[in-house]
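The following paragraphs lead through one structure, from single elements to the chain as a whole. Please keep the sequence and the coordinates at hand while reading.

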Amino acid sequence: LAQFFKKAWPDHKICGKPLWFAIHRAMMLSAATFTITGFILILVYEKGKWISADEPIQFAHSIFGIIVISFAIIQPIMALFRCTPDAPNRYIFNYAHGAVGYSAFLFSIVAIFLAMFFPFFDFKENGEWGILVAWSCWVPLIFIIFGFAEIYFRKNDRATVRDH
């Protein structure tokens with residue numbers, strides 16, 4: 001949302017904050033909450049037992065997963081300490097926040113793909129490959145849809161400004 005709608009909705013506000021920011025914040029806090037909750041549920045289910053390095057695919061999945069969980073915790077903490085938008089070093093926060101966010105997103109995809117090869121899942125037999133295919137199609141599709149939405153909103157906002 002930040003990438004696509006920051007410039008597309010410059011004057012749309014909710015509770016005094018830019019609309020894109022309010023939606024971004026709510027979605028990212030939800031993502032962090034769900035990620036941490038999922039991790040806790042896994043720990044409870046596994047009774048705190050970590051996967052052995054003798055199982056390379058599951059171990060790699062767990063490493064990528066713990067990195068994603070760490071980033072999910074770091075992101076809102078970074079956001080609490082961000083400087084004002086007009087601060088001279090704001091670009092440092094913007095790059096760090098973006099890098100951590102995109103890295104968490106990419107690493108989560110790696111973790112999902114690794115999970116597809118767990119020996120106790122029989123994806124060939126049960127047809128769950130459809131989930132992976134759907135996910136693989138949805139991710140680029142949402143970026144394309146958001147890109148077109150950004151163009152649409154920017155164009156309509158400029159038209160509205162000209163009409164007034």
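Helix 3 of this predicted model has 25 residues, and the distance from its first C-alpha to its last is 37 Å, close to the 36 Å expected at 1.5 Å a residue. Its buried residues are Gln-58, Ser-62, Gly-65, Val-68, Ile-69, Phe-71, Ala-72, Gln-75, Met-78 and Ala-79, and they pack against helix 2 and helix 4. When reading such a list, it helps to recall that an α-helix has 3.6 residues a turn, so residues three or four places apart point the same way.

One residue of helix 3, Gln-58, can be followed in more detail. Gln-58 counts as buried because its relative accessibility is 8%, where the cut-off for buried is under 20%. Once its neighbours within four places in sequence are left aside, Gln-58 is in contact with Ile-51, Phe-118, Pro-119 and Phe-120.

Helix 2 covers residues 19–45, and because each residue should contribute 1.5 Å, its 27 residues should span 39 Å, which agrees with the 39 Å between its end C-alpha atoms. The buried residues here are Trp-20, Phe-21, Ala-22, His-24 and Ala-32; what covers them includes helix 1 (2–5), strand 1 (13–14), strand 2 (17–18), helix 3 (56–80) and helix 4 (90–115). Just after helix 2, Lys-47 takes a positive phi of about 55°.

Which residues make up the largest nonpolar core? The core consists of 7 residues in all, namely Phe-4, Phe-5, Ala-8, Trp-9, Trp-20, Phe-21 and Ala-149, with helix 1 and helix 2 each supplying at least two of them. A second core of 5 residues, separate from this one, includes Phe-71, Met-78, Phe-93 and Val-100; of these, Phe-71 and Met-78 are also listed among the buried residues of helix 3.

Turning to the whole chain, the secondary structure comes to 6 helices and 2 strands, which follow the pattern α-β-β-α-α-α-α-α when read along the sequence. The C-alpha trace spans about 65 × 35 × 25 Å along its principal axes, and the radius of gyration is 20 Å, whereas a compact globule of 164 residues would have one near 15 Å. Buried residues make up 23% of the 164 residues, and the accessible surface comes to about 11,600 Å², of which 71% belongs to carbon and sulfur atoms. Finally, among contacts between residues at least 6 apart in sequence, 56% join residues at least 24 apart.

Technical notes
Residues numbered from 1 in each chain as written. Predicted model: local features only at pLDDT ≥ 70, side-chain atom pairs only at ≥ 80, totals over all residues. Heavy atoms only, no water. Helix = DSSP H or I, 4+ residues; strand = E, 2+ residues; numbered from the N terminus. Expected span 1.5 Å × (residues − 1). Buried < 20%, exposed > 50% of the residue type's maximum accessible area, 1.4 Å probe, protein only. Contact = heavy atoms within 4.5 Å. Core = buried A, V, L, I, M, F, W, Y, C linked by side-chain atoms within 4.5 Å. Rg over C-alpha atoms; globule rule 2.2 N^0.38 Å. Areas by Shrake-Rupley, 256 points an atom, 1.4 Å probe, with all protein chains shown as cover.
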